[in-house]
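Reader: I am new to protein structures and would like to learn how to read one. Could you walk me through this one, step by step?

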Amino acid sequence: MKVLSQNTAFGGMQGVFAHDSEACACEMTFAVFVPPQAIQERRPVLWYLSGLTCTHANVMEKGEYRRLAAELGLIIVCPDTSPRGNDVPDEITNWQMGKGAGFYVDATEMPWATHFRMYSYVTEELPALIGEHFRIDTERQGIFGHSMGGHGAMTIALKNPQRFRSCSAFAPIVAPSSADWSRGAFEKYLGPDEARWRAHDACALVEDGARFPEFLIDQGKADSFLETGLKPWLFEKAVEGTGIGLTLRLHERYDHSYYFISTFMNDHLRWHAERLG
């Protein structure tokens, strides 16, 4: 693991690191905020998954999470959204595919299958690396994210309820199998058989029997992607009668940007902290 930068913030440490990833067959970069309490004891860890076109840096620079994370004693891990490098395939003119658009799936179709294994990276390889180098309490883990990262957080939680105690999302893609800005990527990554997409679709996972205790979703009503890409009401319908708790909050005038995310970041951190103990 290479240290790219380390800065003191609110008594803790904001670091950026890189390592050679076996899952993605390239060098991967990620950010970790370590609160001051983690100097002496293991602390809960909260995974943040970013959205389309983003890297680890977007939430690190715009998310405004460090002050409260330091107060609550939360370790925040922010992976990249896709593999990177000259050897990694890409569609330069398509921001919904390739670099910056890993969708947190393990691609099965070439040329994507060699590098685009973000599900394995986020759920297996990176947690092992974080556990080796940081004082995390593996029994107290939560996950959240934005947009494509909200999709990733919700599907990963539904598929790994024994690992995560909490899950929340900002403007998530709750039904990527039908959303206009994810269907193309799913077909290229996973193939034309839409039945295989269901394992990476929060609504479909719930319909197929996956369960998680509860979710918190914040959504801006002025989000330009609300009607065609996000559709949170589909998840609200999917969880009816399942026993899954859902707090869905719709906010007037807020859009899809980090101005929206930073406004409600503290609510999410406190929500996770209550459930992580």
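Author: Gladly! Keep in mind that this is a predicted model. Let us begin with one residue: histidine 19 sits in a strand, and that strand is β2 (residues 12–21).

Reader: Is histidine 19 buried or exposed?

Author: To decide, we look at its relative accessible area, which is 8%. Buried means under 20%. Histidine 19 has 8%, so this residue is buried.

Reader: Which side chain joins that of histidine 19 in a polar contact?

Author: Start with what histidine 19 touches beyond four places in sequence: Met1, Cys26, Glu27, Met28, Phe30, Tyr121, Glu125, Leu126 and Leu129. A polar contact of 3.0 Å links the histidine 19 side chain to that of one residue, tyrosine 121.

Reader: Where is aspartate 80 found?

Author: Aspartate 80 comes in a stretch between strand and helix, bounded by β5 (75–79) and α3 (118–133). That makes its place the loop between β5 and α3.

Reader: Is aspartate 80 buried or exposed?

Author: A loop residue deserves the same check. Buried means under 20% relative accessible area. Aspartate 80 has 4%, so it is buried.

Reader: How far apart in space are aspartate 80 and leucine 49?

Author: Along the sequence, aspartate 80 and leucine 49 are 31 residues apart. From C-alpha to C-alpha, the distance between them in space is 7.8 Å.

Reader: Which side chain makes a polar contact of 2.9 Å with that of aspartate 80?

Author: Beyond four places in sequence, aspartate 80 touches Met28, Thr29, Cys54, Thr55, His56, Tyr104 and Met118. The 2.9 Å polar contact joins its side chain to that of arginine 84.

Reader: Which helix gives the largest share of the largest nonpolar core?

Author: This core has 93 residues, and those with the most contacts inside it are Phe103, Tyr189 and Phe235. Tyrosine 189 also touches Phe103, as well as others including Met97, Trp112 and Phe116. The largest share of the core is 8 residues, and it comes from helix α9 (residues 258–276).

Reader: Which elements give two or more residues to the lining of the largest pocket?

Author: The largest pocket holds about 170 Å³ of space. Its lining has 5 nonpolar, 2 polar and 5 charged residues, among them Cys203, Glu207, Leu234 and Lys237. The elements that give two or more lining residues are α6 (202–207) and α8 (232–238).

Methods. Residues are numbered from 1 along each chain as its sequence is written. This is a predicted model: local features need pLDDT of at least 70, side-chain atom pairs count only at pLDDT 80 or more; totals for chains, interfaces and linings use all residues. Side-chain values use heavy atoms; hydrogens and water are left out. On a 1 Å grid over the protein atoms alone, a cavity is a set of points where a 1.4 Å probe fits but cannot get out, and a pocket is an open set with protein on both sides within 12 Å along at least five of seven lines; lining residues have an atom within 4 Å of a point. Grid points are joined across faces, edges and corners, and a volume is the space filled by probe spheres set on the points. Helices (H or I, at least four residues) and strands (E, at least two) are DSSP runs, numbered from the N terminus. Ala, Val, Leu, Ile, Met, Phe, Trp, Tyr, Cys and Pro count as nonpolar, Asp, Glu, Lys and Arg as charged, and the others, Gly among them, as polar. Buried means under 20% relative accessible area, exposed over 50%, partly exposed in between (1.4 Å probe, protein chains only). Contact means heavy atoms within 4.5 Å. A polar contact is a pair of N or O atoms within 3.5 Å; within protein, one must be able to donate a hydrogen and the other to accept it, and residues adjacent in sequence count only if both atoms are side-chain atoms. A nonpolar core is a set of buried Ala, Val, Leu, Ile, Met, Phe, Trp, Tyr and Cys residues joined through side-chain atoms within 4.5 Å.
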